[in-house]
Amino acid sequence: QASRVQVFVVLSLDRAGRTTPAAMSVQFQSQNFQHILRMCNTNVDGRQKVMYALTAIRGIGRRISNIVCKKCDIDLNKRAGELSTDEVNKIVAVISNPMQFKI
């Protein structure tokens, strides 16, 4: 996968003359990055990390989201928009039938 993330930090001076970070911008450069994913009849923000993006689905909190990601062997540092179709299908299968996966 050829994905590259660029982070830009803008520095500003405070009254004492020290530099402080003023703003931060993140750009995603991936060939197949999806900004919005459709999972379980819900639009999921692709710019968020997977664990937090799944909490947009009704009934899925941070705890369940974390367990689902671990059951599907998905890196928690990955953004939701970087997920492959197979990974999305795994997540939907686990969320749709959690008892089958012992959750």
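This section describes the fold, the solvent exposure and the salt bridges of the predicted model.

The chain contains 3 helices and 4 strands. Along the sequence these elements are arranged in the order β-β-β-β-α-α-α, so that, with elements numbered from the N terminus, the strands precede the helices. Where residues at least 6 apart in sequence are in contact, 40% of the contacts join residues at least 24 apart.

The chain comprises 103 residues, of which 27% are classed as buried. An area of about 7,400 Å² is exposed by the chain, and carbon and sulfur atoms account for 48% of this area.

Under the distance criterion applied, 2 salt bridges were identified. One of them links the side chains of Arg-47 and Asp-45, with an N to O distance of 3.2 Å. Arg-47 has a relative accessible area of 48% and is therefore partly exposed, the exposed class being reserved for values over 50%. Asp-45 is likewise assigned to the partly exposed class, because its relative accessible area is 23% and the buried class requires a value under 20%.

The other salt bridge is formed by the side chains of Glu-87 and Lys-78, with an N to O distance of 3.1 Å. For Glu-87 the relative accessible area is 16%, and this residue therefore counts as buried. Lys-78 is also buried, with a relative accessibility of 15%. Both values fall under the 20% limit that defines burial. The pair Glu-87 and Lys-78 thus consists of buried residues, whereas Arg-47 and Asp-45 are partly exposed.

Notes: Residues are numbered from 1 along each chain as its sequence is written. This is a predicted model: local features need pLDDT of at least 70, side-chain atom pairs count only at pLDDT 80 or more; totals for chains, interfaces and linings use all residues. Side-chain values use heavy atoms; hydrogens and water are left out. Helices (H or I, at least four residues) and strands (E, at least two) are DSSP runs, numbered from the N terminus. Buried means under 20% relative accessible area, exposed over 50%, partly exposed in between (1.4 Å probe, protein chains only). Contact means heavy atoms within 4.5 Å. Accessible areas come from the Shrake-Rupley method with a 1.4 Å probe; for residues, only the protein chains shown count as cover. A salt bridge is a side-chain nitrogen of Lys or Arg within 4 Å of a carboxyl oxygen of Asp or Glu.
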